[in-house]
Each structure stands twice: as structure tokens, then as C-alpha cells.
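Reader: I'd like a close look at one part of this model, taken slowly and strand by strand. Could you walk me through the sheet and then put it in context?

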Amino acid sequence: MSNALAARGLGKGALAALIAGVVGAFCLLFEGLWPWLSSYPNDWVLPASDAVGTAVKSGLDYVKPAARVFSTLMAYPMTAANTVLAVLPWPLLIAATVALGWRLGGGKMAAMAAIGLGLVLASGYWQQGMNTLALVAVSVPLALLAGAMIGIFANEFPRFRAPVQALLDVMQTVPTFAYLTPLLVLFGFGPVVGLIASAIYAAPPMARNVLLGLQRVEAEVKEAGVMSGGTRMQQLFQVEIPAAKVQIMVGVNQCLMAALSMVIIAAVIGGFNDIGWEVLLTMRKAQFGPAMLAGSVIVIFAILIDRMSATLAQERRRLWDGRISLAILLLGLVVSLVFWRSLGDPDSYQLLDPVANGLDSWLTDFTRANAELLTSFKNGVMFYVLLPLRIGLDQAILPFTWGFQWTSGMSLGFYAVAALVALGLALRGQLTLGVVVLIAAGILETGVSQLPWPFVLIGIGTLSWVAGGYRLALLSVVLLSTILVSGLWDRALLSLYLSGAAVFACAVLGGGVGVLSAVSPMAWRLVRPICDMLQTIPLFVFLIPVLMVFQIGEFSAFLAIIAYAIVPMIRYTRQGLIATPDEMIEAATASGATRWQMMRDVRAPYAAPTILLGLNQTILYAFAMLVIAALIGTTGLGQSIYLALGQADVGLGISAGAAMAILALIADRIVQGFAEERKKALGL
Amino acid sequence: MTGSETPAISCRNLWQVFGDNADSALKQALSHHNNADEVSQALRAKGLVPAVQDVNFEVKEGELFVIMGLSGSGKSTLIRCISQLLPASGGEIRIEGEDIVSASKARLIALRRKTLGMVFQHFGLFPHMTVADNVAYPLRVQGIKRKTRRAKAQEVIELVGLAGREDRYPRELSGGQRQRVGIARSLVTDCSVWFLDEPFSALDPLIRRQLQDEFLDIQAKLKTTIVFITHDINEALKLADRIAIMRDGKIVQIGTPADIVLNPVDDYVREFSKDVAKGRHANVASVMQSPEGNSYGVDDPGLRRDMTLDAALARCMELYDPVPVRDSNGTLVGVINPADLAAALQVETDHV
């Protein structure tokens with residue numbers, strides 16, 4: 001295909017790059033003449049978010065009474081769960097968890113549960129922790145039920161599969177905060193909002209896994225169910241669902257983790273004395289020791305829930321001796337009864353407070369002692385990387401930051417060098433790369449946040465065209481245009497810039513670590529537990545350490561995004577590289593390839609589709625974190641969503657959330673398109 | 001295939017077409033063209049895939065009918081049409097005289113509970129059930145009590161030689177044992193029509209032969225009507241009463257094993273029988289000439305008309321003149337030239 005096009009003169013990529021480059025150059029040349037080229041005029045903005053706000057609000061008003069009834073109804077199981085967890089003495093609760101841990105995973109899991117909950121008790125956040133768990137305990141069954149029903153429905157009615165998948169995509173790409181605003185209007189202040197939001201957020205992974213599991217049941221197993229003379233219900237519940245159990249349990253695990261993550265995020269609404277609120281409160285008061293402590297409680301919950309439920313999804317799981325579980329439970333009961341009077345308030349066990357305070361003062365000392373180093377690191381990244389990327393070389397280079405002033409002469413020189421490089425590349429037959437260099441130079445000079453909108457539309461449009469053909473190009477341009485006319489364009493570009501920078505950093509760092517882990521098993525042994533840990537920690541907790549060291553600001557957000565989004569890049573890079581079939585390695589060895597040649601010529605091309613999928617995940621993770629990072633000071637769409645939540649501005653919340661989802665969706669489709677193409681080229 | 005009794009299975013003008021709106025496209029094409037090939041062409045021109053084209057055959061009660069073809073010839077699709085795992089696009093399928101294309105869902109379920117059994121290439125065992133639960137499942141869906149169905153399952157488990165493994169899970173069994181479970185499960189309802197879709201293809205050759213022999217034993221005991229799919233000509237010749245050879249969705253020849261080996265209708269069928277040791281599948285009657293006008297020599301090696309070619313040749317090793325063939329009463333029924341015998345046995349080389 002591309003060969004045929006190349007024979008006619010230009011490759012698809014080169015053509016796309018040329019078009020984008022010409023549009024960009026045109027915008028830069030004529031922006032003096034027609035200022036609307038560089039910044040989209042306010043007069044052209046449709047009052048979309050207001051309209052959306054009014055429309056949704058009036059729509060919400062209709063459902064409001066029903067929602068309030070639902071809210072009241074949901075209050076019952078919540079109160080019940082709350083009361084149970086609050087009234088039961090802590091020795092019994094710990095014993096029950098340890099007993100469950102033993103049953104699912106033996107001594108190791110039991111010890112983990114005992115130590116974990118012991119730490120929670122010692123932290124003095126027992127009550128808050130139980131409140132969070134009560135929310136999870138009510139929202140998860142809702143999410144499981146809804147998810148299972150959606151999954152089964154999509155499986156039974158194939159014609160609804162595509163729309164359901166699209167709906168699930170949207171439910172997961174709409175940033176978590178964006179849910180909260182309409183829910184807040186609908187259900188009023190209170191924990192029920194967090195409950196519903198977490199059920200909405202946690203249902204899609206369940207639905208996906210149920211559908212995937214059911215579809216992956218071997219065709220012959222399904223046919224055997226039919227030929228055995230089962231009715232459809234019998235086939236579904238006696239054959240297909242049990243046969244899909246492992247995949248469904250993966251869904252249960254993901255559902256639990258998503259629910260926990262969302263419950264904690266929903267704490268920003270406040271009004272419920274849970275652990276997420278505690279983190280937020282201590283963070284706002286800059287009490288980083290207690291914030292760390294409360295954050296650790298969340299991490300402990302996450303690890304326990306994740307590891308225990310992950311055993312359910314094991315291919316051949318075994319249950320450990322139930323009598324020992326029973327004995328542990330009995331022991332807990334006996335201890336609770338005997339020491340009933342002397343147990344006291346679990347919140348009074350603030351054994352770890354000295355640790356927290358020590359940490360706090362150590363940290364203060366540390367930051368004070370190393371203030372110079374930390375500040376120069378922060379400023380270095382800000383001045384030499386982030387700022388130029390954001391507002392361009394022409395504005396970022398000032399005597400104050402770089403020590404000299406950027407002049408138009410320098411601009412010309414910069415362009416001239418880029419043009420020479422591009423020409424050199426073009427002459428060597430790499431026209432596409434040449435044009436891309438030229439475009440990159442233009443972007444660097446202008447700054448991402450000040451790119452002319454026609455260039456962004458055309459550039460992303462042509463990129464989509466290369467990745468996925470005309471349909472994707474059309475989709476991208478139409479969706480981006482909606483952001484443009486809704487007046488959120490500038491903020492969208494800011495989001496694009498920050499997540500772009502973070503994704504780039506993740507790709508470089510994560511790719512490097514991934515390659516290292518693929519080459520050296522030693523390195524992987526070290527990296528793997530860190531990756532596991534980073535993936536278990538709820539988004540929210542990432543903010544604490546960066547905030548402690550680097551204070552509020554874009555740089556902290558940048559670091560938090562990298563910490564969260566780097567994991568898939570590492571994992572997929574390593575996975576892709578080590579998955580090269582042995583035969584190919586042997587063939588390359590037999591041909592006399594060196595280790596480096598093997599990496600470059602055999603492993604890397606074979607791993608390309610997998611690595612692209614990793615990049616895709618990294619992009620989605622970065623967008624998810626970007627919104628959370630709004631809590632510690634970013635500009636852009638995330639901030640808008642957060643502001644909307646504070647003001648209960650439904651229109652802004654939904655529009656900004658939609659814009660965010662649009663960016664994520666387009667990035668997703670483009671990268672997936674490239675990955676598909678690479679896969680096809682390799683015949684996979 | 002004469003006689004007034006109803007065949008166990010009959011298919012008339014059976015079509016299976018894949019693609020968008022396949023059924024209506026087929027109807028339209030059938031009304032415009034008379035010839036099956038033209039219909040197929042018209043369908044292909046619309047981007048549809050005619051996987052089964054105008055198939056006609058009948059299977060007698062108790063007959064072991066083998067459908068043979070290479071992968072992609074449509075044989076698996078055909079058996080899924082007959083068992084109604086795929087609703088046929090057009091044509092008529094009757095099982096024991098009953099039209100099952102237009103049968104209601106409830107009637108199909110009833111048929112599958114009582115009449116039909118099926119064995120799958122990759123076994124199709126339920127991974128979450130033990131051997132006994134797998135085998136008893138067709139009874140469980142009928143609401144039969146646990147004890148009764150366990151007892152019935154035990155019978156068939158013993159029949160296929162799996163006694164003592166009732167509480168194992170499929171993953172703990174070897175390939176051959178898994179297929180025994182598949183066979184047992186399909187037999188537990190005492191079906192009268194038995195579909196086997198390449199049941200032994202996924203097994204290694206030794207186990208395959210062992211299971212083929214056991215299968216013949218079971219068939220001799222139960223005398224069910226069987227439709228058996230395979231891509232292996234030797235398996236087809238070994239098991240079949242009659243063989244249907246499929247190619248590109250069409251049946252190109254139906255005949256007894258000897259017919260297929262000795263009188264292939266075209267090069268495609270000949271190609272199959274090329275590597276076959278014909279001596280084991282064809283008998284003397286198929287190569288002998290009539291006694292009238294053919295003289296024979298003094299030697300009489302005692303050939304009978306139903307002897308295999310291999311056995312006949314063994315008796316004629318030293319002979320060059322034509323020899324007589326007699327029936328069991330000693331009456332002369334034919335004459336055979338040992339040279340012809342040897343020639344018929346030769347594995348054919350490419351000929352124009």
C-alpha cells in the first residue's frame with residue numbers, strides 16, 4: 001500500500017506531514033495579517049457549556065425526585081454497612097480479614113492481612129478507614145451487578161455490542177471528577193454521590209471482562225451446551241458463565257480497585273469522614289506526616305483488596321484449610337469478648353503518630369537543607385523543558401531564565417538550522433522525517449499552548465488519516481472542532497501540553513527502564529515490585545510525596561503524572577521485547593547478529609505493536625492523572641473540571657469533562673491505529 | 001437407496017451462505033438461476049460466501065455415513081447445518097422424517113435432549129465440571145435427579161473405558177481420555193442420530209487408531225445412525241458404510257469405500273485415493289472380468305469375489321496366466337489376470 005503510493009511520488013506519511021507543515025507555516029506567516037489564525041476569536045465561541053448546563057440541568061430536574069428517592073434508599077445499606085463496621089470490635093474485624101486471607105492465600109496472605117490492618121489500627125485512622133470501606137462495600141455489589149448485566153446483555157444481543165463498547169469507553173475516559181458535578185446536582189451533598197460515582201466508574205471493567213470472558217469461551221464448549229439440549233438460560237448460567245469464570249474474576253478484581261480509587265477521589269466533595277477526606281485535609285494544612293500516614297492506610301487497603309481478590313482469578317486456585325480460618329475467627333471473637341471493656345476507641349491507638357511527626361519534621365529539615373538543590377532541579381526542568389514547550393522558545397528564553405534574550409534573528413537561525421536538517425534528511429530519502437523535524441521546530445518556537453488552531457486541527461486530522469484512514473480523520477476533526485467552538489480550546493491545549501510532556505518523559509524513561517528490564521533479569525527483579533506497587537496505589541496518593549517535596553504547582557503535577565503513567569510503558573516495552581519467538585532469536589544468532597543488532601533488527605521491530613499499546617495505556621493514564629493533579633495546581637481542562645465541581649457548574653463540568661474525554665479518545669484511536677498497522681505488517 | 005422406509009437423515013438442496021442478508025440473497029439467486037454453480041457465482045459476486053452449496057444426500061437408519069473433505073471444504077459447516085447449530089440458509093433437512101429447519105426452538109431442544117448427540121473435534125468439554133458432571137450434563141438440563149443421572153452416566157463412562165476417573169477434571173486428562181468423555185456425554189441420552197465432527201483429528205496416530213477401533217465396537221453395540229466428519233481418507237475408508245466427498249462446499253461423490261477408491265469421479269477424488277493402499281479396501285469383484293469369452297489357465301489359487309485385492313495377490317504371486325474366481329459354492333463367477341491385479345494395486349502416479 002505505502003509502496004504503491006511512494007511509487008506515485010509521495011508516501012502517506014510524507015503527504016500528511018507536508019500538508020500539516022504547509023498549514024502551520026501559512027498560519028505563522030500570516031498571523032500578523034489575520035490574528036484569528038493564531039488565536040481563536042472569542043466572538044466565534046458558541047455558548048456551548050452554558051447551553052449544555054441549562055439543558056442538562058433541566059433534564060436533571062426531571063430525574064431529581066427519583067434520584068433523591070434512590071439517594072434515600074441507598075442511605076439504608078450505607079448506614080447499615082457503616083454501623084456494622086463501626087460497632088464490630090476491631091479484634092473481630094481483623095480476625096475476619098486474617099481468616100479470609102488464610103482461606104484465599106494461606107499463611108502469606110494471612111500475615112499480610114494481620115500486618116496491614118495492624119498498621120491501620122496503629123495509625124489512628126481506623127474509623128475513617130472503616131467509613132471508606134463501608135462505601136466500597138455498598139458500591140461494589142452495585143457495580144458488579146450492573147457490570148455483569150451490561151456484559152451479559154451485550155453478549156446476548158450482538159447488534160448492541162458496538163454501542164455498549166462505545167458507552168463503556170466513554171464511561172472510562174470521562175475523567176473521574178467530571179462525573180461528580182452532575183451527580184452532586186442530582187443527589188445533593190453527601191456520601192451517596194461518592195457511592196454512585198464509584199459504582200459508575202467501577203462497572204465498566206466488570207462489564208468488559210464479563211463480555212470478554214463469555215466471548216472467549218471456546219465455540220465447541222458453547223455448541224456442546226446447545227447440543228446437550230439446554231435452554232438458553234441453562235447454557236448461559238450452567239455452561240458459559242462458569243466456563244468464563246477466570247476472566248470474570250479478573251473483572252471483579254478490577255472493579256474492586258476502581259471502586260476504591262473512586263471512593264477516595266469522591267472524598268473531595270467532603271461531608272463524609274473517610275480516609276480520602278483525611279488525606280485532603282492534612283494535605284491542605286501542609287501536615288505531610290499525617291497525610292503520608294493516611295495515604296498509607298489507603299495503600300494498605302488497596303494492596304489487601306487487590307491481592308486477595310486476585311487469588312480468585314487464578315487459573316487453578318486452591319482454598320486453604322477452612323478450619324484454621326474458623327479458628328482465627330473464633331480467636332478474634334474470644335479476644336473481643338474478653339477485652340470488651342478495655343478495647344476503647346480504635347482511633348485512640350495513635351501509635352504511629354511519633355513516626356508521622358518524625359517524618360514531618362525530617363521532611364521539613366530535608367527540604368530546608370536541600371532547598372537549593374531541589375529548587376534548581378525544579379527550575380531547571382521548568383525553565384529549560386516545560387516552559388519552552390508551553391509558551392515557545394521566543395517567550396520562554398529571557399535573561400531571567402536562560403541568561404539571554406531570544407531575538408527574531410535567533411528565530412530565523414533556528415528555523416534555518418531545522419530547514420537544513422530537514423533538507424539533508426529529504427535528500428537521503430527520508431522526506432517524512434525531514435518534514436516532521438521542521439514541524440517540531442515550529443512547535444518548539446511557538447509553544448504548544450499557542451499553536452494556531454488551524455494547524456492543530458489539520459495536523460491531528462492528517463495524523464489520524466495516516467493512522468486510521470478517512471473515517472478517523474473526520475472523527476478527530478469534528479470532535480476537536482466541538483472543543484474549539486465551546487471556548488475550551490486554550491485550556492485543552494494546556495492539558496495537551498502538560499500530558500504530552502509527561503507522556504514524552506514516560507516514553508523515554510519508561511522505555512529505557514523497559515529495555516533494561518528486558519535485557520537484565522536482575523533489573524526486572526528490582527523494577528517489578530515497584531511497578532506492582534505503583535499500579536495498586538490509588539491515583540490520589542501519588543500527590544502526597546510530590547507535594548511534600550516540590551509544593552503546589554505544575555512541576556509537582558508533572559511528576560505525579562509521570563509516576564502514575566510510566567508503569568504501562570515499562571511493562572509493555574519489556575513484555576514486547578522478551579516475547580520475541582525463540583526461533584527468530586535462533587535464526588538471528590545463526591546469522592551472526594550481535595546482541596545490539598539483535599535488539600535493533602529483530603526484537604525491536606517485533607515488539608513495536610506491543611510497545612505502541614503500552615504508549616497508548618500511558619497516554620490514557622496520563623489523562624486520568626491530569627485531572628486529579630488539578631488538586632495541586634495545574635491549568636487546563638483538569639482545573640476547569642475541578643472548579644466546576646466547587647461551583648456546582650454542571651455545564652462547565654460536563655463540557656470540560658467531554659473535552660478531556662475527546663482528547664483521550666483521539667489519542668487512543670491514533671495510537672491504536674498505528675499499533676494495528678504494525679501488527680498487520682508483521683502478520684500477527 | 002431404494003425402499004419405502006424413511007431415511008434417518010435426508011438433506012435436499014441444502015445451502016449455507018455467510019454474509020450480510022445471506023438468506024434473502026440466496027432466495028433471490030435461486031429464483032434467477034437454475035444451476036447451482038450459477039447461484040454460487042451470483043452469491044460470490046455479492047461478496048457472500050456459499051459454504052455449503054446445493055447438498056443432497058440421505059442416510060439410512062443405522063448407517064455410518066462419513067463426510068470427507070479438506071479443511072475449508074464446508075464439511076464442518078454442513079454438520080452444523082444438519083445439527084441446526086447453524087440455521088441453514090435454504091433447503092430441507094429431515095431427521096427421522098421430521099423437518100427440522102422449520103422446527104420451533106422448543107422442539108429443537110426436545111430433539112437434542114432425546115434424539116441427537118454430538119462429539120466435537122476439540123472435545124468441547126466443560127472445564128468447570130468433573131468427568132461425571134460433564135457426561136451427566138445432558139440429563140441435568142432435563143431436570144433429572146442427581147442420583148439417577150449419575151447412575152446413567154456411570155454406565156456410559158464404563159462403556160468408553162473411563163471407570164475410576166469420574167471425579168477428574170478435563171484438564172487432568174490426556175487428549176484420548178478427553179475425547180472418551182466427549183463420546184460418553186453424547187451417548188448418555190441414548191441418541192438415535194449421532195454426529196461426530198472430526199472426533200479423532202486432534203489425537204496422535206496411535207491413540208487415534210485405538211479410539212477408531214473402540215468406536216467401531218460401540219457402533220456395533222448401539223447401531224445408531226452416524227454422520228462422521230473427517231479429513232483423513234484412511235479413517236473414512238476404515239469406518240464408513242458410505243462416504244461423501246466434499247470440495248468447495250459441494251458434494252462431488254457419494255459411494256462405498258471401494259467405489260471411491262476404484263472409481264473416482266474426477267481428479268480431485270483420485271488425488272485422495274492416490275496414497276491409499278487399495279488392496280485393503282477393494283475386493284476381487286471390482287477388477288475381475290466376466291467368465292464369458294475369457295479363458296483362464298490351469299492354476300486355481302481359490303480366489304473369491306469378496307476377497308480383498310491384497311489377499312488375492314498373495315495367492316497369485318507366482319502366477320502369470322489368468323485365473324478363475326468362484327463364489328462360495330464353487331461356481332465360476334469371473335476371471336482375473338494377475339497382471340491386472342498388480343496394476344490395480346499400484347499407487348497411481350500423475351497421469352494426464
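Author: Sure, and a definition comes before anything else: two strands pair if DSSP finds at least two bridges between them. Strands themselves are DSSP runs of E with at least two residues, helices are runs of H or I with at least four residues, and both are numbered from the N terminus. With that in hand, take Phe65(B): its bridge partner in β8(B) is Val227(B), and its bridge partner in β9(B) is Arg242(B).

A word on where this comes from. This is a predicted model, in which local features need pLDDT of at least 70, side-chain atom pairs count only at pLDDT 80 or more, and totals for chains, interfaces and linings use all residues. Residues are numbered from 1 along each chain as its sequence is written, while chains are lettered from A and ligands numbered from 1 in the order in which they are written. As for confidence, pLDDT is the predictor's own score for each residue, from 0 to 100, and chain B averages 87, with 95% of the residues at 70 or above. For the complex, the predictor gives an ipTM of 0.81 and a pTM of 0.82.

Back to Phe65(B), which sits in β3(B), residues 64-68. This strand pairs with β8(B) (residues 225-230) in the parallel sense over five bridges, and with β9(B) (residues 242-247), also parallel, over four. How many residues of β3(B) are buried? Five of its five are, where buried means 20 or more other C-beta atoms within 10 Å of a residue's own, exposed means 12 or fewer, and partly exposed is in between, with C-beta atoms placed from the backbone. In a regular strand the side chains alternate between the two faces of the sheet. Here both faces are covered: Leu64(B), Val66(B) and Met68(B) lie on one side, Phe65(B) and Ile67(B) on the other.

Now zoom out to the whole sheet. It is open, has six strands in the order β6-β7-β8-β3-β9-β10 of chain B, and its pairing is mixed. β6(B) (116-119) and β10(B) each have a single partner strand, so one side of each edge strand is left without a neighbour in the sheet. Neighbouring strands are turned by 15° against each other on average, direction ignored; axes are lines fitted to C-alpha atoms, for helices over the stretch in contact, and angles run from 0 to 180 degrees between N-to-C directions.

At the β6(B) edge, that strand runs parallel to β7(B) (residues 193-197) over four bridges, with Leu116(B) partnered by Val193(B). Helix α7(B) (residues 175-187) packs on the sheet, touching β6(B) and β7(B), and its direction makes about 175° with that of β6(B). Touching here means contact, with C-beta atoms, placed from the backbone, within 7 Å.

At the other edge, β9(B) and β10(B) (residues 250-255) are antiparallel and joined by five bridges. Ala244(B) stands opposite Ile254(B) there. Their hairpin has two residues between the strands, and Asp248(B) takes a positive phi near 50°.

For contrast, chain A has 29 helices and zero strands. Of its 684 residues, 48% count as buried, and its C-alpha trace spans about 85 × 65 × 60 Å along its principal axes. One of its helices, α10(A) (residues 232-243), has buried residues including Gln235(A), Val239(A) and Ile241(A); their cover includes α8(A) (191-216) and α9(A) (219-227).

Notes
Two residues are in contact if their C-beta atoms, placed from the backbone, lie within 7 Å.
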